[in-house]
Amino acid sequence: MTDLQGRKDELAANLARVEERISAACAAAGREREDVTLIVVTKTYPASDVRILSGLGVRHVAENRDQDAAPKAAECADLPLTWHFVGQLQTNKVRSVVGYADLVQSVDRAKLVTALSKEAVRAERELGCLIQVALDADVSVGDGRGERGGVGPGGVEELAARVAEAPGLRLDGLMTVAPLTGDYAGRQQAAFERLMDLSTALRAAHPAANMVSAGMSSDLEQAVAAGATHVRVGTAVLGVRPRLG
Ligand SMILES: *Cc1c(COP(=O)(O)O)cnc(C)c1O
C-alpha cells in the first residue's frame, strides 16, 4: 500500500466518523442533515490532503494563514472547492486572500471591510463575508475586540451594515469561536445559542445573511444543537496539527 493510499484511507475513515457525528447531532436536534454544511479546516496540512478530501466529496475547505493558504489554493485551483478564510486577517494580506477565498469568515473591523471591498472590486469578484463575533469581548466596551479576533456583540449591527453597503462584498452571516475566557468559557452551547440570537437580529435587517458558522472538532454537536448552518472541523478529519498554526 502506498503512503498516498494510506493517507486516503485515514482521511476517509475520519471523514466518515465526523459525518456520523453531524448526522447524529442533526437527528437529535430534529434538523435535516442537509441544513448543516461541513467545512474542513485544512490549515497546516498539505495540498495533497486537500486533493484527497476533494476526491472524497468535500466541497468546502478553510484556512487561517495566508502564507500557508495562498500556495495551497493555487495548487488546488482545478478542484471544485469553496475556500473559506477563517483567520485573523491583516489588511496587507487582503489582496492575496481575495485572490482565492470565496468567503472571509473573520470580518471584525471597519478598516478590514474597506480593504476587502477595494480588492474585491479590483479583482472583479463578489466576496462572501461573515462577521466574526467575539463572545469574550469586554461588554462594557460594546464593540470591543475578542482575544482571538472578532467584534463584540454590540458592534455587529454597524459592521454588518458596512459590509452590506460595500461594493464587491456580500453579507452572508455570522461566525464565532467558542470563547476560552469570560462568561461563556466552557459553555459552548450557551455561546452558540447567543450567536443564534444575534443571527436572528441580523436577519431581521438582512434576510439573506443566514449563515451561522460555529462549532469545531470538540464542540460541533453543541453548534448543531444551537442551530449552526456551518461547522468548521480540522483535527477530527486531518489529525492533531503540528505545533504551529
Ligand atoms: C483551526 C480552526 C478550526 C478547526 O479547529 P479543530 O479544533 O481543529 O476542529 C475552526 N475554526 C477556526 C477559526 C480555526 O482556526
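Helices (H or I, at least four residues) and strands (E, at least two) are DSSP runs here, numbered from the N terminus. This is a predicted model, where local features need pLDDT of at least 70, side-chain atom pairs count only at pLDDT 80 or more, and totals for chains, interfaces and linings use all residues. Residues are numbered from 1 along each chain as its sequence is written.

Let's start with the whole fold. The chain has nine helices and eight strands. Its radius of gyration, taken over C-alpha atoms, is 17 Å, close to the 18 Å from the globule rule (2.2 Å times the number of residues to the power 0.38) for 245 residues, so the chain is as compact as a globular protein of that length. Buried residues (under 20% relative accessible area, 1.4 Å probe, protein chains only) make up 50% of the 245. Take the contacts (heavy atoms within 4.5 Å) between residues at least 6 apart in sequence: 58% of them join residues at least 24 apart.

Now zoom in on helix H5, residues 110-122. With 13 residues at 1.5 Å each (times one less than the number of residues), H5 should span 18 Å, which agrees with its end C-alpha atoms being 19 Å apart. Its buried residues are Leu112, Val113, Ala115, Leu116, Ser117, Glu119 and Ala120. Why might such a list skip along a helix? An α-helix has 3.6 residues a turn, so residues three or four places apart point the same way. The buried residues of H5 pack against helices H4 (94-100) and H6 (156-165), plus strands S4 (103-107), S5 (127-133) and S6 (169-176). Just after H5, glutamate 124 takes a positive phi of about 55°.

Note on methods. Side-chain values use heavy atoms; hydrogens and water are left out.
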